[in-house]
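Student: I have a structure open in front of me, and I would like to learn how to read it one feature at a time. Could you take me through it?

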Amino acid sequence: MLLFDAGNSRCKWVWVENGIWLRQGVLGNADTDAWQELKDVFARLESPQKILVSNVAGSVVGQRLRALCAVWTRSEEHTS
């Protein structure tokens, strides 16, 4: 499970499996480089079973969170 707590100035996150915190971090809401680095890290991980978000930072951070989690979005291929 991936948890996000996006406040007014920074976003905290934690990756949890079986109740154990495996990874965690904090990044500034305006730190574009840090958001990209985290996206690169997430792209190397398996998709979490669940993502929970608390966001009081507004729509810009909401868009960043959606883009960050989009690394796990895969289009389905259909074969005939």
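Tutor: We will go through the sheet, a helix, a salt bridge and the cysteines, keeping in mind that this is a predicted model.

Student: In what order do the four strands lie in the open sheet?

Tutor: Strands of a sheet pair through backbone hydrogen bonds, and they may do so in a parallel or an antiparallel way. Here the four strands form an open sheet in the order S3-S2-S1-S4, with mixed pairing. Strand S3 (20–28) and strand S4 (51–55) stand at the edges with a single partner strand each, so one side of each has no neighbour in the sheet. From one strand to the next, the twist averages 10°.

Student: How do strands S1 and S2 run, parallel or antiparallel?

Tutor: Strand S1 (residues 2–6) and strand S2 (residues 10–17) run antiparallel and are joined by five bridges. Within this pair, Asp-5 has Lys-12 in S2 as its bridge partner, and the side chains of Asp-5 and Lys-12 also meet in a salt bridge, at 3.6 Å from N to O. A search of the whole structure finds one salt bridge. Asp-5 is partly exposed, with a relative accessible area of 34%, and Lys-12 is likewise partly exposed, at 32% relative accessibility.

Student: Turning to helix H2, which of its residues are buried?

Tutor: An α-helix has 3.6 residues a turn, so residues three or four places apart point the same way. In helix H2 (residues 59–69), the buried residues are Val-61, Gly-62, Leu-65, Leu-68 and Cys-69. Because these residues cover an arc of only 120° around the axis, they lie on the same side of H2. Ser-59, Val-60 and Arg-66, on the other side of H2, are exposed. The buried residues of H2 pack against S1, S2, H1 and S4, and helix H1 (residues 32–43) itself lies across S1, S2 and S3, running at about 155° to S3.

Student: Why is there no bond between the sulfur of Cys-11 and that of Cys-69?

Tutor: A disulfide is a covalent bond between the sulfur atoms of two cysteines. For the count used here, the two sulfur atoms must be within 2.5 Å. The sulfur of Cys-11 is 9.3 Å from the closest cysteine sulfur, in Cys-69, and that is too far for a bond. The count of disulfides therefore comes to zero. Both cysteines are nevertheless buried, Cys-11 with a relative accessible area of 0% and Cys-69 with one of 15%.

Technical notes. Residues numbered from 1 in each chain as written. Predicted model: local features only at pLDDT ≥ 70, side-chain atom pairs only at ≥ 80, totals over all residues. Heavy atoms only, no water. Buried < 20%, exposed > 50% of the residue type's maximum accessible area, 1.4 Å probe, protein only. Pairing = 2+ DSSP bridges. Helix = DSSP H or I, 4+ residues; strand = E, 2+ residues; numbered from the N terminus. Axes fitted to C-alpha atoms, helices over the stretch in contact; angles between N-to-C directions. Contact = heavy atoms within 4.5 Å. Arc of directions from axis to C-beta. Salt bridge = Lys/Arg side-chain N within 4 Å of Asp/Glu carboxyl O.
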